[in-house]
Amino acid sequence: MESSISSTRRCGACCRDHGQLSNADWQHRYDNAMTGWDRGRPSPILSRWVESGDLQPCEILVPGCGRGHEVIAFAEAGFTVTAVDFADAAVQSLEKELDRRGLQANVVQTDVFAFCQSKSFDAIYEQTSLCAIDPSQWETYQQLMACWLRPGGKLFACFMQSDKAGGPPFTCDISAMRRLFEEPTWQWPDDPVAAAERVEHPSGMHELAYILTRKESEQ
Ligand SMILES: C[S@@+](CC[C@H](N)C(=O)[O-])C[C@H]1O[C@@H](n2cnc3c(N)ncnc32)[C@H](O)[C@@H]1O
């Protein structure tokens, strides 16, 4: 069965043909079980990063969290988590699961482009949120992520590789990511090719995972 993550253009009920999805479009996908992106459990890269010590309990932000399997895993592991999504179904499902497990997270139902926080985060976990956003908005999203992170904070990014034109998911080609997350704001690993971790996705696609550092402002 083809994943719904790649089927935007066949969803005549609500999706726009230019690929950009509104809150109502995402809600429609949840309502109609078109959630091929959803692993039903946390991504394996999360436990790898926790086990390696790259990810340690801190103030972490999960934008475009969806049903929030990773939010739950972070809360269970002692992180202070803030999760953002605008879709009612996603937020309700996450809040219900947090409640059921007696866990705490700050779940904010809003458009990521309207998300404003006075404190800055130690880390951001970015998973299939960038690829859900139209590339015409990527520069703004990148600037927001730089704002949300404290200098020296880390961006744990899972860049979706769809190798297809259009989207969502919009493919996050690594050359394009190097141009988007660029010096002097962002620091990549010294050898980005060696540092990339391949993460298989249930959709049949895969992600390339990287840890980027939000550089100090004076650099
Ligand atoms: C492809 S899903 C990924 C969900 C989750 N990160 C995961 O990997 O399971 C994209 C999510 O981002 C949310 N989203 C898309 N654009 C958004 C926006 N502008 N503001 C807030 N949430 C958004 C959608 O509602 C959806 O839950």
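User: What do the buried residues of H1 pack against?
Analyst: The model is predicted: local features need pLDDT of at least 70, side-chain atom pairs count only at pLDDT 80 or more, and totals for chains, interfaces and linings use all residues. Numbering starts from 1 along each chain as its sequence is written, and side-chain values use heavy atoms, with hydrogens and water left out. Helices (H or I, at least four residues) and strands (E, at least two) are DSSP runs numbered from the N terminus. Asp25, Trp26, Gln27, His28, Arg29 and Tyr30 are the buried residues of H1 (buried is under 20% relative accessible area, exposed over 50%, partly exposed in between, with a 1.4 Å probe and protein chains only), and they pack (contact means heavy atoms within 4.5 Å) against E2 and H4.

User: Leaving aside neighbours within four places in sequence, which residues is Gln27 in contact with?
Analyst: Gln27 is part of helix H1. Its relative accessibility is 18%, so Gln27 counts as buried. Beyond neighbours within four places in sequence, the contacts of Gln27 are Ala87, Asp88 and Ala89.

User: Which residue follows H1 with a positive phi, and near what value?
Analyst: Helix H1 covers residues 23-31. The residue with positive phi that follows H1 is Ala33, near 55°.

User: How many of the residues of helix H3 are buried?
Analyst: The buried residues of H3 are His69, Glu70, Val71, Ile72, Ala73, Phe74 and Ala75. Their cover includes helices H2 (44-52) and H4 (88-101) as well as strands E1 (59-63), E2 (80-85) and E4 (121-127). After H3 comes Gly78, with a positive phi near 90°. Helix H3 (residues 69-76) is thus mostly covered, and the buried count, out of eight, is seven.

User: Which helix gives the most to the lining of the largest pocket?
Analyst: A pocket is defined on a 1 Å grid over the protein atoms alone, as an open set of points where a 1.4 Å probe fits, with protein on both sides within 12 Å along at least five of seven lines; lining residues have an atom within 4 Å of a point. The lining takes at least two residues from each of H1, E1, H3 and E4. With three residues, the element that gives the most is H1.

User: What volume does the largest pocket have?
Analyst: Of the 38 residues that line the largest pocket, Trp26, Gly64, Asp85, Ser129 and Ala132 lie nearest its centre. The lining divides into 17 nonpolar, twelve polar and nine charged residues (Ala, Val, Leu, Ile, Met, Phe, Trp, Tyr, Cys and Pro count as nonpolar, Asp, Glu, Lys and Arg as charged, the others, Gly among them, as polar). A volume is the space filled by probe spheres set on grid points, which are joined across faces, edges and corners. For the largest pocket that volume is about 610 Å³.

User: How many residues apart in sequence are the parts that the pair of Phe159 and Trp188 ties together?
Analyst: The structure holds 14 aromatic pairs (rings of Phe, Tyr and Trp, the last by its six-membered ring, with centres within 6.5 Å; planes under 30 degrees apart are stacked, over 60 edge-to-face, the rest tilted). Phe159 and Trp188 form a stacked pair, at 6.2 Å centre to centre and 25° between the planes. At relative accessibilities of 1% for Phe159 and 8% for Trp188, both rings belong to buried residues. Phe159 is in strand E5 (residues 149-161) and Trp188 in the loop between strand E6 (186-187) and helix H7 (192-195), so the separation in residues is 29.

User: The charged end of which residue sits over the ring of Trp188?
Analyst: A charge sits over a ring if NZ of Lys or CZ of Arg is within 6 Å of the ring centre and within 35 degrees of the ring normal. Arg29 lies over the face of Trp26 in this way, 5.6 Å from the ring centre. Over Trp188, at 5.0 Å from the ring centre, the charged end is that of Arg178.

User: What distance separates the C-alpha atoms of Phe115 and Trp148?
Analyst: Phe115 lies in the loop between strand E3 (106-109) and E4 and is buried at a relative accessible area of 6%. Leaving aside neighbours within four places in sequence, its contacts include Leu61, Phe121 and Trp148. Phe115 and Trp148 are 33 residues apart along the chain, and their C-alpha atoms are separated by 9.3 Å.

User: Is Asp163 buried or exposed?
Analyst: Asp163 lies in the loop between E5 and H6, and its phi is positive, near 55°. Its relative accessibility is 66%, so Asp163 counts as exposed.
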